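Open the model in a viewer with a selection prompt to hand. The stops below go from the whole chain to single residues.

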Amino acid sequence: MSGGDPESFRDRIRQIGEMFASIADQAQEMSRDRCPYRDRLDLCTARFRCRNQRPAPAGAERALACGHDGRFDYRTAWEMRPETYEMTRAKLRRIREEAAARRAAAAPEDGG
Ligand code: SF4
């Protein structure tokens, strides 16, 4: 690497530092309103139980959606017991399977 102007190099490092600080500030501000576990489709990616979790719409990539309405600090709803997360997932899976079975039983048969 050829030697450059050390003063110019320090300026660039300082500018990059300011840029990252600005990004971090904005991320922190956004995280107050929007949970970091909420994805772009409003599905919940958390691997723990949260009282804001709701069953995701049929066909969604995940079992749980986020029901947080943005009016209070979402972190108060977090529950840090991972075993309840799996229990909730199993319960939702069972509810979906039962609903699918009921729909299948109620659907008219294609007889042509
Ligand atoms: S349900 Fe809870 S953990 Fe999941 S995205 Fe919403 S607030 Fe975050």
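Start with the contact map of the protein chain: among contacts with a separation of 6 or more, 45% join residues 24 or more positions apart. The coordinates are a predicted model.

**Whole chain.** Select the C-alpha atoms. Along the principal axes they fill a box of roughly 80 × 40 × 25 Å. The radius of gyration of the protein chain is 23 Å, where a compact globule of 112 residues would have one near 13 Å. Buried residues come to 9% of the 112 residues. Switch to a cartoon and color by secondary structure: the protein chain has 2 helices and 4 strands, in the order α-β-β-β-β-α along the sequence.

**Helix α1.** Select residues 6–33, which form α1. Does its length fit its residue count, and why? At 1.5 Å a residue, the 28 residues should span 40 Å, and the end C-alpha atoms are 42 Å apart, so the two agree. Coverage of α1 is slight: 0 of its 28 residues are buried.

**Asp 42.** Continue into the loop between α1 and β1 (49–50), where Asp 42 is found. Most residues other than glycine have a negative phi. Asp 42 is not a glycine, yet its phi is positive, about 65 degrees. Asp 42 counts as partly exposed because it has 15 C-beta neighbours inside 10 Å.

**Ligand shell.** Next, select the residues around the ligand: Cys 35, Tyr 37, Arg 38, Cys 44, Ala 46, Cys 50, Asn 52, Gln 53, Cys 66, His 68, Tyr 74 and Ala 77. By class, this shell holds 8 nonpolar, 3 polar and 1 charged residues.

**Nonpolar core.** Now select Cys 35, Cys 44, Cys 50, Leu 64, Cys 66 and Tyr 74, the 6 residues of the largest nonpolar core. Center on Tyr 74, which is also listed around the ligand. Beyond its neighbours within four places in sequence, Tyr 74 is in contact with Cys 35, Asn 52 and His 68.

**Helix α2.** Finish at residues 82–106, helix α2, and pick Thr 84 within it. Is Thr 84 buried or partly exposed? Its 13 C-beta neighbours inside 10 Å make it partly exposed. Leaving out residues up to four places away in sequence, Thr 84 touches Arg 49 and Glu 79. For a last distance, pick the C-alpha atoms of Thr 84 and Arg 103: they are 19 residues apart along the chain and separated by 28 Å.

Definitions and conventions. Residues are numbered from 1 along each chain as its sequence is written. This is a predicted model: local features need pLDDT of at least 70, side-chain atom pairs count only at pLDDT 80 or more; totals for chains, interfaces and linings use all residues. A nonpolar core is a set of buried Ala, Val, Leu, Ile, Met, Phe, Trp, Tyr and Cys residues joined through C-beta atoms within 7 Å. A residue is buried if 20 or more other C-beta atoms lie within 10 Å of its own, exposed if 12 or fewer, and partly exposed in between; C-beta atoms are placed from the backbone. Two residues are in contact if their C-beta atoms, placed from the backbone, lie within 7 Å. A residue is near a molecule or strand if its C-beta atom, placed from the backbone, lies within 6 Å of it. Ala, Val, Leu, Ile, Met, Phe, Trp, Tyr, Cys and Pro count as nonpolar, Asp, Glu, Lys and Arg as charged, and the others, Gly among them, as polar. The radius of gyration is taken over C-alpha atoms; the globule rule is 2.2 Å times the number of residues to the power 0.38. The expected span of a helix is 1.5 Å times one less than its number of residues.
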